[in-house]
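Work through the exercises below with the sequence and the model side by side. Each task is followed by its solution.

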Amino acid sequence: MPTLVLIRHGQSAWNLENRFTGWTDVDLSRQGRAEAAKAGRLLREEGHAFDLAFASVLKRAIRTLWIVLEELDQMWVPQQVSWRLNERHYGALQGLDKAETAVRHSEEQVRLWRRGFDQPPPPLALDDPRHPRQDPRYAHLEPALLPGGESLKHTLARVMPHWHQEIAPSLRLGRRVVVAAHGNSLRALCKHLLDISDQDIPGLEIPTGNPLVFDLDHNLGVRLCRYLDEDRAQPLPG
């Protein structure tokens with residue numbers, strides 16, 4: 001049966017500073033590297049091995065994947081990176097302190113921006129240096145594809161083509177797949193896999209560096225899903 005493991009990157013430097021990160025390319029904190037190493041050890045201790053690995057193009061996800069594969073002694077596993085697995089783009093909020101933003105805009109508004117399904121943040125101007133149109137790693141993409149801010153609904157629409165075109169076909173071939181990505185791109189995948197409603201998806205919080213293991217049937221229906229680090233597990237809706 002196909003196995004899929006989703007891993008949110010370990011704590012990043014801006015997670016530690018409580019700042020909106022989005023597509024800003026910050027690295028893991030010291031704790032984040034330790035979380036990634038523990039994720040790899042937990043997978044090794046349970047006997048997991050992979051045939052194919054996916055990550056976003058952001059270094060906190062890529063480094064998490066490298067650390068996990070190193071712990072598994074599987075750094076040779078083919079790896080694919082895609083912008084479609086990037087974190088939700090937080091628009092003009094990127095770089096701002098979350099607590100200060102809540103004071104300025106209200107805690108409820110920030111909650112909707114962070115956890116709501118269809119509430120995009122204030123967008124970036126096209127000429128803002130933080131806009132992905134200014135980033136060379138996205139220069140090969142059609143400019144219209146690059147967001148200046150996203151809701152989770154937008155993130156889901158961005159992630160799903162990669163699921164259908166790359167990840168799902170690999171799973172149907174029986175390959176064991178690991179995906180290292182971000183809180184919201186993985187929330188989007190979980191919404192699809194677990195058929196979580198728009199109303200319930202705000203309740204899904206994915207911990208950093210805690211492998212979420214899916215045992216799938218041949219049609220990629222979920223037979224079982226569980227976190228490996230039970231002490232840091234969060235309840236799954238539904």
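The model is predicted, so local features need pLDDT of at least 70 and side-chain atom pairs count only at pLDDT 80 or more, while totals for chains, interfaces and linings use all residues. Residues are numbered from 1 along each chain as its sequence is written, and side-chain values use heavy atoms, with hydrogens and water left out.

**Exercise 1. Lay out the sheet**

Task: What is the strand order of the open sheet, and which strands stand at its edges?

Solution.
- Start with the strands, which are DSSP runs of E with at least two residues; helices are runs of H or I with at least four, and both are numbered from the N terminus.
- Pair two strands if DSSP finds at least two bridges between them.
- The order is then β3-β2-β4-β1-β5-β6, an open sheet of 6 strands with mixed pairing.
- β3 (79-81) and β6 each have a single partner strand, so these two are the edges, with one side of each left without a neighbour in the sheet.
- On average, neighbouring strands are turned by 15° against each other, direction ignored.

**Exercise 2. Inspect the hairpin**

Task: How many bridges join β5 to β6?

Solution.
- Strand β5 (residues 212-216) runs antiparallel to β6, and 5 bridges join them.
- One bridge pairs V213 with R226 of β6.
- The two strands form a hairpin with 5 residues between them.
- In the turn, L220 has a positive phi of about 70°.

**Exercise 3. Place the helices**

Task: Which strands do α3 and α6 lie across?

Solution.
- Fit axes to C-alpha atoms, for helices over the stretch in contact (heavy atoms within 4.5 Å). Angles run from 0 to 180 degrees between N-to-C directions.
- Helix α3 (residues 59-71) lies across β1 (3-8), β2 (52-55), β3 and β4 (177-181), at about 155° to β2.
- Helix α6 (residues 152-172) lies across β1, β2, β3, β4 and β5, at about 160° to β2.

**Exercise 4. Sort the salt bridges**

Task: Are E150 and R158 buried or exposed? Which parts does the D229 bridge tie together?

Solution.
- Apply the rule: a side-chain nitrogen of Lys or Arg within 4 Å of a carboxyl oxygen of Asp or Glu. The count comes to 16 salt bridges.
- E150 and R158 meet at 2.8 Å, N to O. Both are buried (under 20% relative accessible area; exposed is over 50%, partly exposed in between, with a 1.4 Å probe and protein chains only).
- D229 bridges K38, with the closest N and O atoms 3.1 Å apart. D229 lies in the segment after β6 (222-227) and K38 in helix α2 (residues 30-45), so the pair ties together parts 191 residues apart in sequence.
- D229 is buried at 6%, whereas K38 is partly exposed at 35%.
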